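Q: Hey, can you walk me through this one? I'd like to start with how two of the chains meet.

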Protein chains: 6
Amino acid sequence: MSVVVRNRERAERGVVEALAAFGVATIHEAQGRVGLMAPYMRPIYPGALVAGSAVTVSVPPGDNWMIHVAVEQCQPGDILVVAPTSACDCGYFGDLLATSLQARGVVGLIIEAGVRDVRTLTEMRFPVWSRYISAQGTVKATLGDVNRPLVCAGALVNPGDVVVADDDGVCVVPRQRVETVLANSRAREQKETATRARLAAGELGLDVYDMRKALAAKGLTYQDGKD
Amino acid sequence: MSVVVRNRERAERGVVEALAAFGVATIHEAQGRVGLMAPYMRPIYPGALVAGSAVTVSVPPGDNWMIHVAVEQCQPGDILVVAPTSACDCGYFGDLLATSLQARGVVGLIIEAGVRDVRTLTEMRFPVWSRYISAQGTVKATLGDVNRPLVCAGALVNPGDVVVADDDGVCVVPRQRVETVLANSRAREQKETATRARLAAGELGLDVYDMRKALAAKGLTYQDGKD
Amino acid sequence: MSVVVRNRERAERGVVEALAAFGVATIHEAQGRVGLMAPYMRPIYPGALVAGSAVTVSVPPGDNWMIHVAVEQCQPGDILVVAPTSACDCGYFGDLLATSLQARGVVGLIIEAGVRDVRTLTEMRFPVWSRYISAQGTVKATLGDVNRPLVCAGALVNPGDVVVADDDGVCVVPRQRVETVLANSRAREQKETATRARLAAGELGLDVYDMRKALAAKGLTYQDGKD
Amino acid sequence: MSVVVRNRERAERGVVEALAAFGVATIHEAQGRVGLMAPYMRPIYPGALVAGSAVTVSVPPGDNWMIHVAVEQCQPGDILVVAPTSACDCGYFGDLLATSLQARGVVGLIIEAGVRDVRTLTEMRFPVWSRYISAQGTVKATLGDVNRPLVCAGALVNPGDVVVADDDGVCVVPRQRVETVLANSRAREQKETATRARLAAGELGLDVYDMRKALAAKGLTYQDGKD
Amino acid sequence: MSVVVRNRERAERGVVEALAAFGVATIHEAQGRVGLMAPYMRPIYPGALVAGSAVTVSVPPGDNWMIHVAVEQCQPGDILVVAPTSACDCGYFGDLLATSLQARGVVGLIIEAGVRDVRTLTEMRFPVWSRYISAQGTVKATLGDVNRPLVCAGALVNPGDVVVADDDGVCVVPRQRVETVLANSRAREQKETATRARLAAGELGLDVYDMRKALAAKGLTYQDGKD
Amino acid sequence: MSVVVRNRERAERGVVEALAAFGVATIHEAQGRVGLMAPYMRPIYPGALVAGSAVTVSVPPGDNWMIHVAVEQCQPGDILVVAPTSACDCGYFGDLLATSLQARGVVGLIIEAGVRDVRTLTEMRFPVWSRYISAQGTVKATLGDVNRPLVCAGALVNPGDVVVADDDGVCVVPRQRVETVLANSRAREQKETATRARLAAGELGLDVYDMRKALAAKGLTYQDGKD
C-alpha cells in the first residue's frame, strides 16, 4: 500500500537555518559522528550549503511519479530526500520540478539516483546532491511513499529530520536532536577557532592536543635516516 | 582486418547545429528515450554543449594509433567518438591531438577511456566527454577501425550519426532521424516553456499534468501525522 | 612496530620546483611512463599544480593519528602522501591540519582516502588530491608509520621521492632520477612546441610523425562509403 | 557513548525457523518488497539458508572489538548483523569467532565488510553473507554499539528483527511482522506451485496471468520479420 | 512505440549447437576478437556451456513485463537476451519464468540485470549469465521491445544472432557469420591441440611461436641478478 | 627499456612450501599485517592453497607478450605474478600458457587483470587468482619487464619474494623474512589451537582475551531492554 503522510512535524525553522552556518563536517562531529550519507552523494555545483526539513520520497527504479506527489507536501524551508527502492541511475529530476520546488520555498534536493538539466539547475541556484547525473528519462506508472522513514545513501531519514548538505556531503540530524546538535556545533567551532590560531602560528598538533605521551605509551619510536 | 571507411554520409550541417540548441535531456526525450550513453561519461569542464557528426574510432586498450589515423577523416562539424575494444583508463588524447582536431574544425571528443592535458584542453575550449582523466600514455603498435559501427558507453554509434553532448551526458541521434528529432525537440521545448510558467506561478504538477485521478485509481492514500 | 623516520634525504628544492613547470603528463612520459597513481585520485579544485618531496604516512582505516605525527617531520617544499592500510573513505584531513601544514610550508596533500572541509581548503588554496570527499570523522587510537616506503593508489612512494600533481593526476619521481626526468621533460616540451605549431597549421599527425608506411605494413586498408 | 543493550525482545523461535523454509525471494515479496539488503552481500558458499533473530553490531572501520562484546549477547537461534560506520573491506571475522558463535547456537553472520578463513568456515558450515572476503586483520581499540538500530547494506535492522538469508541475498523482517509475513509466504508459495505446474505444461504466462488485454491497452504491437 | 517482432530468422540449429563445442574464448578469437560482453556478466553456477539463437528483450528498469511477452516468441534452441534501458540490479527473472522457458526448449538466459531463485535455477540446470543476483522484485507496468537490436553488456545483439556462453563469459556471433566462425573455430582448435602437446612436453612458447627474433628487434634485453 | 632479469635469488624451497601449510590469514598476521593484495583478487575455483617464489611480469594493457617471455625464467616452485601498467580486464592467460607453466613446475598464477579458459584451468587444477575472468584476447606487440619490482593489486612484489594464496586472498612475504614469518606462523597457530578449544567449550572471547577491563575503561556501558 502506498501512502502519503501529511503534516509531519518539523523542527523550528530558525533552528534549522542556524545549523547551516556550520557545515556538514562540524555538524557530523557535533552529533557523535553518525548520520552521514555515503560519499558518492555529490553536489552538482560547488559552494552550496543548505539545511532543511526532510520530506522523504520512496520511488521505484526509473519512475518519478511520486516526486510530483511529494511537491504538494513541501513547505518553505523543506528539503526533498528521494531514494529509489533499488539502485537506479535515471535522471528523475530536472528544471521543471526545480521550478515547482523553488516556487514552494524548498531549499534543495537530495537524491540517491540521477538528476538532469544540471546546467539550468546551476543557473537557477537550485542545489542538488545526487549519486548520478543523467539525462535518462523516467516513467509515471508505479506508486511509492511520501513522508515515511527511508534509507538514503546508507543513512536513515525520518520525515521531519533536518538534512544539512555542503561540498563535504550530506548529513541527517534527527528532529529531536536539532537543538543539542546546534549547541554542540557552536561549542566545537569556538574551540576550533582557538586551535586554528595556534596551528597557524606554527604550534604542532602533537603539542596543542597533547599527544606525545599517549603515542609513546603505544610504542611509537623514532629513527634517523634510512629504515 | 583493420579498415578506415572514408566519406561517410553525414546529416546536413545546419540541422546538426540546430540540435545543439536543445541539450541532451530534451533530445533524448524527443527521440523516445533511446541513444543515451552511460552516465560515467563526464565533461572535463562544465558548460560545454556541442552537436557533431560522428567519426568513430575503435582502439585497442592502451593504444591510440588509430586516433591519428582518424583525424584525416574529420571534416568541420564532426565529433570524434572513440571506444576501446576492452575497458581502459589510459590517457589516449591530449592537447596535441586537440590542436590537430581544432585545426580541422572538429567540435569535440567523446571517449570511453581516459584523456589528459585537461587544463590545456579547458583553456583551448576543446570539449571532451570521457570516462576517465589520466596522464597514462599509450603506444602506437596495433590497428583498429575508423568509421565502422561501434558501441560506446553502452550506445550504438554508426558513423555519420549525430552526437549531442552537454553537462547531462552524451546522446546519439541516428543520421536518418535527425530532422524528426529536431522537430520533436522544438515541440517539446515549446510545451515545456508554457508548463514552466505555470509551475513558477505555484501551480502543482499534480494539476498541470492532471495526475490526481490516475494516482487515486492506483490506490494512493493520504494519512495525517505519524505512520 | 611503528616507526617515524626522521631527516629523510630530499632532492634539491630548486630542482623539485622546476619539475612543477611541466605537469604530470609530460613528466610521466619523460620518465618512461611509470610512477602514475590510479586515476581515481582527483584534485578537490581545478588548476592546482604542485611538486614536493614526499613525507609518507601509513594510517589504519578510520584513524588519522599518524598524520598529526607526520606534520612535525615536514619541511618547506614537502608534500604529504597518506595511504591507509586497507581501503577507507573516511575524511582524515580538514582545514585545521591544512593550517598546520601551510604554516610549515608544505605544498599539498596526496591521500588515498577521504578529505573534508573542501570549501575551506579551496579558499585557503591548499591543494589536495584524494580518492574521496567525505565528512566522516576518524579516531586517534592506533599507530602507523611515517617516512617508510608505501604503495599509494597503486604507485610505490619512497620517502624523499618527488611527487608532482595537477588536473591530470599524481606522478611519483624517484629522488635519484629527478634531474634526469627534469632534463627529459625540457627536451620533450621543446619538441612538442614545434609539433604543436605544425598541427595547428593543419598538418596531419600521420605526416608529422611519419606513420603512413608503418600503418600500411601492418595491413591498414581504406574503403569508401558503406562497410 | 557506546552502549550494549541486553535482552532485546525476539520473535518466537519456531516462527523464525518456519520463515527459513521459504527463501529470501518469497519472503521479500510476501512483505511487500521491502527490507532487502544490497546485492553485493554474497554468501561465502552456495546452498545455505538461514533465519535468525538479529543481534546488531556497529563497528568502526578496521576494528572488530565490538564483535567480541556482541558474542555474549547472543542466544541460540540468533544471527549476528555487523555494519561498519564507514565502508571497510577488512576481514573482521574468522574461524575463532565462528567457533564461539556456533558454541552459542548462532545460525550465521551478516557483515557489510570483510570475512576471512572462508575455507574453514565452509568446512564448519557456518554461513556468512559478506560484502568482501579479505585476510586483512583488524584492531581492538575503539568502541561501537551492540543491539541498537543500524543500517546494513542499505537496509534498516532493528535488534530482534528476523533476518533471512540464502543464495539470493539477505532480507530483514521486522519482528512485529513475522507472523503476517509467514502467512503471506505460505499463501504465495501455494499459489506459485499451481502456476508452476501450468507453465511446465506449456501454458504461457501471458495467459496464466491474463496479461494480453492490458498489454494491448498500453499499445503493444506485433510485427513480422525485419524491423 | 513498443513492438514485438515475430518470426525472426535464425541460423540453422545444428550449426548453432556445433558452436557450443568450442567455448567462448575460442569462438571470440575465431571471429576476430569482437562481440564479447563485459566481464561482469557471470554464470550463476560453474560448468554450463550453451549456444542459442537470440530472442532480444529491452526492458524498463525494475519492470519485467516484456519478458513474459518474449516467452511466446521463443522456440527450441533459443536463448533469451535481456537488457534494461538503464542500469538496474533488480531480480527480473526466477524459477517460474525458467520453468516456462524450459517448457519451450530455451537453452538459457543472458540478462544485464539481476536474477533470483538461483538455487532452484541451479537445481533445474537452467543456466543464467547475469550482472547481479538479487531477490528484488519487479513490476509489470511499462512496455519495451522484443526482437529489436539492442546493446547488452557492451555488445550489440541483433535478434537471431547466435549467443554462446560459458564460464569465461558471453559472446555474440552475427547470424550471417555463424558458419565461417564455426569453421575458424575448428581450425583454431586443431592448431591449439598440436601446440598444447609441444608445450606439455616442455617446449617454450618463445620457440613454438618463434618469438625470439621479434622480441630482440623490439629491444628486449636480458640481465643477470639484481637490477 | 625493457629488461628480463635472470636468476633472481629465491628462498629455500622447503621453507616456501612450509608456509603454504598456514594459509593467508595466519601468514598475514604473522608478518605484522602487511603485504596483502586487494580483496578483488579472487581464485577461479575454491580450495586452492599455494606458496611460491615470485617471477614478476609487468605487461602493457591488452598485451600478453611478456608472459611468454617470463615462462622461460620460471623454475619448479615458482609462482607467476602479473600486473598491467594500467587497469585492464583482458584475458591475458589461458590453458595453453597454463600447460607450459605446469610443465615447468610452476604452482600458480597471480594476475591483476583477466584470465580465460577457466573451466579447463579448473580441470587441470592450475590455480589462478585474478581480478577478472574474461575471454577477451590480447596482442603481442609491446614489451614490458620480467623480474623487476612491481605493484600488484596494491602490494609491492620483489622478484623472489614468496607469494601465498588461498580462498582468503593473496599475500606477499619478502624473501628475507620468510623464515621469521614461518616461525611466527607456527607460534600463532599453536596459540590459536588452544584458544579454539576454549571457545568451542563455550568460554567467551571477552574472558579468554581478558577484554572486560579495557572495555570498561574506554567507557562501554550496558543497558537493558529498549534504547
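A: Sure. Between chain E and chain A there are zero salt bridges (a side-chain nitrogen of Lys or Arg within 4 Å of a carboxyl oxygen of Asp or Glu). Keep in mind this is a predicted model, where local features need pLDDT of at least 70, side-chain atom pairs count only at pLDDT 80 or more, and totals for chains, interfaces and linings use all residues. Residues are numbered from 1 along each chain as its sequence is written, chains are lettered from A and ligands numbered from 1 in the order written, and side-chain values use heavy atoms, leaving out hydrogens and water.

Q: OK, how many residues does the contact take from chain E and chain A?

A: Twelve residues from chain E and twelve from chain A, with contact meaning heavy atoms within 4.5 Å.

Q: Switching topic: is A:Ser2 buried or exposed?

A: A:Ser2 is buried, because its relative accessibility is 14% (buried is under 20% relative accessible area, exposed over 50%, partly exposed in between, with a 1.4 Å probe and protein chains only).

Q: And what does A:Ser2 touch?

A: Leaving out residues up to four places away in sequence, A:Ser2 touches A:Leu143, A:Gly144, A:Asp145, B:Gly219, B:Leu220 and B:Thr221.

Q: How far apart are the C-alpha atoms of A:Ser2 and A:Met66?

A: They are separated by 9.9 Å, and the two residues are 64 residues apart along the chain.

Q: What about B:Ser58, buried or exposed?

A: B:Ser58 is buried too, since its relative accessible area is 18%. Among the residues B:Ser58 touches, not counting those up to four places away in sequence, are B:Met66 and B:Leu150.
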